[in-house]
Amino acid sequence: MDRRESSMAVDKTERKPEWLKIKLASGEDFQEVKELKQMMRSKTLHTVCEEAKCPNLHECWANRTATFMILGETCTRACRFCAVNSGLPNELDLQEPERVAEAAEQMGLQHCVITSVARDDLEDGGAMIFAETIRAVRKRLPLCSVEVLIPDFLGNWESLYKVLDANPDVLNHNIETVESQSDRVRSKAKYRRSLELLEKSKAYKPNIPTKSSIMVGVGENWEELLQTMDDLRAVDCNIMTIGQYLQPTRKHLRIEKYYTPDEFAKLKEEGMKRGFSHVESGPLVRSSYHAREQKAAADQTLGGVKA
């Protein structure tokens, strides 16, 4: 049977499958998350955990992993899957790296992920702020691993190298979807450019693990998912995450299919067969889910050598 047929086609009148229900935090965990959110607001910081309505926020924060969204809260792009606000961004905040580092220290993070809105209005796409944030976190938390999830910088590779020169522990750039759906799903980003970014990253800093993520349920087929895996491995991408696309609002891209937990398990198996050091695959998986464990697996593959 074609695996496309075994995915659950979406009926707009039916509820989400059971496996997509989220267990909410309660008691001490809820109170801690509430306090952390208040701390973020006091420092005028944003996390993609909140902005993108990530279903794993409570679990990740409890495990001392968080994803900061730098360069403001307004994106210059308007991707059809994304819940982050788009429009004309504010001025660049040169003090943001230090505030991120302060927050990471207060949270006692063991793995800090730094991502951003797309800032196509800036000459370097915000690469300088990425680099300074990496260094600021390292200064306050020398034992905390730092991962960056970067945009494509519109193909400005000098911006990529500027980030890599700060030596993040993981370089992440999401390909998001299969090639046939890329132009429909993403704004300005290009499938082949994303592959080129990952390839250039590995060529420039071979010992920094690279990572990418794909969401399923936007109109792709099974064979295309396998081809995307092959494309990522062809540029020596080390880590892959796979999750179910969930429509943020009615204005966003609609869900075409719900994949079952068994299908996610099969995708993980296919990815590991292709040589990824780690594949995180599941209905509620997002790019930074279990990010610290992903980094550890990649370190083993690369021999644990710091770039």
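Biologist: Which residue caps the N-terminal end of α7?

Modeller: This is a predicted model, and the cap is read from its atoms. A side-chain oxygen lies 3.2 Å from the backbone nitrogen of Glu 158. The residue that supplies this oxygen, and so caps the N-terminal end of α7, is Asn 156.

Biologist: How many of the 8 residues of helix α7 are buried?

Modeller: Helix α7 covers residues 157–164. Its buried residues are Trp 157, Ser 159, Leu 160, Tyr 161, Val 163 and Leu 164. The helix is therefore largely enclosed by the rest of the structure, and the number buried is 6.

Biologist: What covers the buried residues of α7?

Modeller: The cover is made by contacts from both helices and strands. Ala 127, Met 128, Phe 130, Ala 131 and Ile 134 of α6 meet Ser 159, Lys 162 and Val 163 of α7. The covering elements include α6, β5, β6 (170–172) and α9 (191–204).

Biologist: Are α6 and α7 roughly parallel or roughly antiparallel?

Modeller: Two packed helices are described by the angle between their axes and the distance between the axes. The axes of α6 and α7 come within 8 Å and cross at roughly 10°. Angles under 35 degrees count as roughly parallel. That makes α6, relative to α7, roughly parallel.

Biologist: Which helix gives the largest share of the largest nonpolar core?

Modeller: The largest nonpolar core has 60 residues, and Phe 130, Ile 150, Val 163, Leu 171 and Ile 242 touch the most other members. The largest share of this core is 7 residues, and it comes from residues 127–140, helix α6.

Biologist: How many residues are in the second, separate core?

Modeller: Leu 20, Leu 246, Tyr 258 and Leu 284 are among the members of this second core. Its full count is 11 residues.

Biologist: What span should helix α5 have, at 1.5 Å a residue?

Modeller: Helix α5 has 12 residues, 96–107. The expected span is 1.5 Å times one less than the number of residues. The end C-alpha atoms of α5 are 16 Å apart, which agrees with the expected 16 Å.

Biologist: Which residue follows α5, and what is its phi?

Modeller: Met 107, in α5, is buried. The residue that follows α5 has a positive phi, near 65°, and is Gly 108.

Biologist: Is Pro 142 buried or exposed?

Modeller: Pro 142 sits in the loop between α6 and β5 (145–149). Its C-alpha atom is separated by 9.7 Å from that of Gln 110, 32 residues apart along the chain. A residue over 50% relative accessible area counts as exposed. The relative accessible area of Pro 142 is 60%, so Pro 142 is exposed.

How values were computed: Residues are numbered from 1 along each chain as its sequence is written. This is a predicted model: local features need pLDDT of at least 70, side-chain atom pairs count only at pLDDT 80 or more; totals for chains, interfaces and linings use all residues. Side-chain values use heavy atoms; hydrogens and water are left out. A nonpolar core is a set of buried Ala, Val, Leu, Ile, Met, Phe, Trp, Tyr and Cys residues joined through side-chain atoms within 4.5 Å. Buried means under 20% relative accessible area, exposed over 50%, partly exposed in between (1.4 Å probe, protein chains only). Helices (H or I, at least four residues) and strands (E, at least two) are DSSP runs, numbered from the N terminus. Contact means heavy atoms within 4.5 Å. A polar contact is a pair of N or O atoms within 3.5 Å; within protein, one must be able to donate a hydrogen and the other to accept it, and residues adjacent in sequence count only if both atoms are side-chain atoms. Axes are lines fitted to C-alpha atoms, for helices over the stretch in contact, and angles run from 0 to 180 degrees between N-to-C directions. Angles under 35 degrees count as roughly parallel, over 145 as roughly antiparallel, 65 to 115 as roughly perpendicular and the rest as oblique.
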